[in-house]
Amino acid sequence: MKSRTLAPIALAMAMCLAGPAIAKSDKPGADWMPAEQVKQKLMDAGYSSITELEADDGHWEGEGMKNGVKMEFHVDPKTGAITKEKPDKD
């Protein structure tokens, strides 16, 4: 009976403690490459325009045009390397 009562309390406490860590991942860290440098690296990689760039889930994420195609991308926050890119279906 006690474990039924303690489980929801433990879960609630864990979520409260994890909240600040989750929120941090949507803000650039102190050791992240600045957004302007990331944009320049993307332009050097063939993007002609960057229409969106934001911190999300521990990386830079955004949208831009590459070879006439609207693309979605993820960028490593410390190196500026593109880690994922695909055509934007929206």
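A residue is called buried here when its relative accessible area is under 20%, exposed when that area is over 50%, and partly exposed in between. With that in hand, let us walk through this model, which is a predicted one.

A good place to start is with the aromatic side chains. Both Tyr 47 and Phe 73 are buried, and they belong to one of the two aromatic pairs that the structure holds. Let us take the other pair before coming back to them. Trp 32 and Trp 60 meet edge-to-face, with 5.3 Å from centre to centre and 65° between the planes. Trp 32 sits in the loop between helix H1 (2–24) and helix H2 (35–44), while Trp 60 belongs to strand E2 (residues 59–66), so this pair ties together parts that are 28 residues apart in sequence. How accessible are the two tryptophans, Trp 32 and Trp 60? Trp 32 has 14% relative accessibility and therefore counts as buried. Trp 60 has 5%, so it counts as buried too.

Now back to Tyr 47 and Phe 73. Their ring centres are 5.3 Å apart and their planes stand at 70°, so this pair is edge-to-face. Here, too, distant parts of the chain are linked: Tyr 47 is in strand E1 (residues 47–56) and Phe 73 is in strand E3 (residues 69–75), 26 residues apart.

Phe 73 also leads us on to the strand pairing. Strand E3 is joined by five bridges to strand E4 (residues 82–87), and the two run antiparallel. Within E4, Glu 85 is the bridge partner of Phe 73. The hairpin of E3 and E4 has six residues between the strands, and in it Gly 80 takes a positive phi near 80°.

Glycine is not alone in showing a positive phi here, as two loop residues illustrate. Asp 57, which is not a glycine, has a positive phi of about 55°. You will find Asp 57 in the loop between E1 and E2, and its relative accessible area of 54% makes it exposed. Moving along to the loop between E2 and E3, we meet Asn 67. Asn 67 also has a positive phi of about 55° although it is not a glycine. With a relative accessible area of 70%, Asn 67 is exposed.

Next comes a lysine that deserves a look. Lys 66 is part of strand E2. Is Lys 66 buried or exposed? Its relative accessibility is 17%, and because buried means under 20%, Lys 66 counts as buried. What does its side chain reach? The side chain of Lys 66 comes to 3.5 Å from the backbone oxygen of Ala 45. If we leave aside its neighbours within four places in sequence, Lys 66 is in contact with Ala 45, Gly 46, Tyr 47, Met 71 and Glu 85. Two of these names are familiar: Tyr 47 is the partner of Phe 73 in the aromatic pair, and Glu 85 is the bridge partner of Phe 73.

We finish in the loop between H1 and H2, where Gly 29 lies. Gly 29 counts as partly exposed, at 27% relative accessibility. Which distance separates Gly 29 and Lys 78 in space? From C-alpha to C-alpha they are 9.3 Å apart, although 49 residues separate them in sequence.

Technical notes: Residues are numbered from 1 along each chain as its sequence is written. Side-chain values use heavy atoms; hydrogens and water are left out. Rings of Phe, Tyr and Trp (its six-membered ring) pair if their centres lie within 6.5 Å; planes under 30 degrees apart count as stacked, over 60 as edge-to-face and the rest as tilted. Helices (H or I, at least four residues) and strands (E, at least two) are DSSP runs, numbered from the N terminus. Buried means under 20% relative accessible area, exposed over 50%, partly exposed in between (1.4 Å probe, protein chains only). Two strands pair if DSSP finds at least two bridges between them. A polar contact is a pair of N or O atoms within 3.5 Å; within protein, one must be able to donate a hydrogen and the other to accept it, and residues adjacent in sequence count only if both atoms are side-chain atoms. Contact means heavy atoms within 4.5 Å.
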